[in-house]
Amino acid sequence: MKSRLDGFYVRRPVRLSLTLLSVMLMGSGQVVAEGDVSSGRALFPQCAACHAVGEGAGHLFGPMLNGVTQRAAASAEGYRYSDGMKKAVDAGLAWDDATLDAYLQSPMSYVPGTKMAFAGIADESQRQDMIAFLKQIAVDGTGAVAADATADVVATPLAQEEPRPLARDTVVPEHGVLHLGRQALPEEVVAWDIDIRPDGLGLPAGSGSVEAGVDIYDTQCAVCHGVFGEGEGRWPVLAGGFDSLTDERPEKTIGSYWPYLSTVFDYVRRAMPFGNARSLSDDDVYSLTAYLLYLNDQVDEEFTLSADNFSSIEMPNVDNFIDDDRMEEPQYAAIVEPCMQDCLEGEAAVTQRARILDVTPDGGGDEDAGGSID
Ligand code: HEC
Ligand code: HEC
């Protein structure tokens, strides 16, 4: 990991030269962002889970970002910044091309203790585009939406599609008597249907090597999980822990504990990097899974994982898991199919009232609490 430079947050008079030096040391070649605004806008969905922009934008988990480069760092009114961020501001942090570049590359290493739990944007030109986009958003939110976009998408400035009609607005109630929701489109079902079975069913096409995994891991995962999966701070450890499961303090890692490789693949693909989930390509996920196997001594450095050899990998702890045969236990085996329709014989009648059942307190004593059943 690149080391953090303590003189990095410096006050104006000396900032330029020190910033230049720091930026060179951080390996980033440019100081002036020359990014493309509309490319930056297109990248914003990865920030939108935590940040709003546009007219009337408010704070989400992160502060709203209208005019962020035109205000002092960490000064959005009504937003509670982390102590880490406040400390950086006290030390002189101000947002300009160079500091934003460093923060967006690796928020948590640039501002230790920041609550922006986001892995960072590894690609330099994408960072430039993002900065160019942020810089032209005015304090009132103009600039968040492209000038040629229709005016009424302000609340969701990045919406790209026409909204589909809700069931209650359609003439034919295709969605049952309650008119709630709408039928999922086939492409939505496909997009959600990403689970993978232990035998490999559901795996996407593709492959990835341990070698390719190293780079992706070091730029996108190591900041939290440590360079060799040993964990940074209190983030989860991803390797080792073998033979510790019967200890008083077992170390449960994906290598020592998890029974199936499909869970590793699925978890990384679905949820990581934390704060930027679903940003990895299928080949990236194969590479990372291969590298995690390597870190856990299950394969050698030449290994390449693909859908073809996936089911040949057996995780060390698989035999210590048993099939869930709970449904054969007597109390479950006796369950009959529950009735779902026309289950009551005869007319329905009110038999109890909430007040009498004592779920609605009326200030009376216990004598009010009796139930009455017809
Ligand atoms: C997981 C949530 C999350 C994501 C994703 C995220 N951020 Fe943040 N961001 C935060 C939080 C929380 C803060 C406040 C930091 C603090 O107080 O430590 C913050 C702070 C910032 C700030 C400083 C704001 C200020 O008022 O000084 C900028 C700039 C920023 N984020 C830009 C981005 C950009 C650009 C992206 C997308 C590439 C992004 N963030 C993605 C949560 C997030
Ligand atoms: C911002 C910090 C962060 C980054 C970056 C990050 N992770 Fe995680 N990771 C977490 C957290 C937090 C959890 C635990 C989440 C939970 O238990 O709900 C986790 C859990 C995991 C787990 C499951 C571990 C276990 O034993 O439960 C795996 C595997 C994993 N991450 C892989 C990755 C990979 C691969 C990357 C890089 C693409 C990555 N992570 C990037 C924070 C991060």
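Let me begin with burial: of the 374 residues in this protein, 28% are buried, and I should say at once that we are looking at a predicted model. The secondary structure comes to 14 helices and two strands, and if we take the contacts between residues at least 6 apart in sequence, 57% of them join residues that are at least 24 apart.

Now, where do the buried nonpolar residues gather? As a general point, nonpolar side chains in soluble globular proteins tend to be buried together. In this model the largest nonpolar core has 32 residues, and those with the most contacts inside it are L288, A290, Y291 and L292. The elements that give two or more residues to this core are α9, α10, α11 and α12, and the largest share, nine residues, comes from α12. Please notice also that this core draws at least three residues from each of domain 1, which spans 6-153, and domain 2, which spans 207-320.

To make that concrete, let us follow L288: if we leave aside its neighbours within four places in sequence, L288 is in contact with G213, I216, Y217 and V268. There is, in addition, a second, separate core of 27 residues, which includes V68, I137, A144 and V145.

Finally, let us turn to the ligand. Which residues come nearest to ligand 1? Of the 26 residues around ligand 1, they are C47, C50, G62, S82 and M116, and the elements that give two or more residues to this shell are α3, at 45-48, and α4, at 83-90. Sorted by class, the shell around ligand 1 has 18 nonpolar residues, seven polar ones and one charged one.

Notes: Residues are numbered from 1 along each chain as its sequence is written. Chains are lettered from A and ligands numbered from 1 in the order in which they are written. This is a predicted model: local features need pLDDT of at least 70, side-chain atom pairs count only at pLDDT 80 or more; totals for chains, interfaces and linings use all residues. A residue is near a molecule or strand if its C-beta atom, placed from the backbone, lies within 6 Å of it. Helices (H or I, at least four residues) and strands (E, at least two) are DSSP runs, numbered from the N terminus. Ala, Val, Leu, Ile, Met, Phe, Trp, Tyr, Cys and Pro count as nonpolar, Asp, Glu, Lys and Arg as charged, and the others, Gly among them, as polar. A nonpolar core is a set of buried Ala, Val, Leu, Ile, Met, Phe, Trp, Tyr and Cys residues joined through C-beta atoms within 7 Å. A residue is buried if 20 or more other C-beta atoms lie within 10 Å of its own, exposed if 12 or fewer, and partly exposed in between; C-beta atoms are placed from the backbone. Domain bounds come from an automatic or database domain assignment. Two residues are in contact if their C-beta atoms, placed from the backbone, lie within 7 Å.
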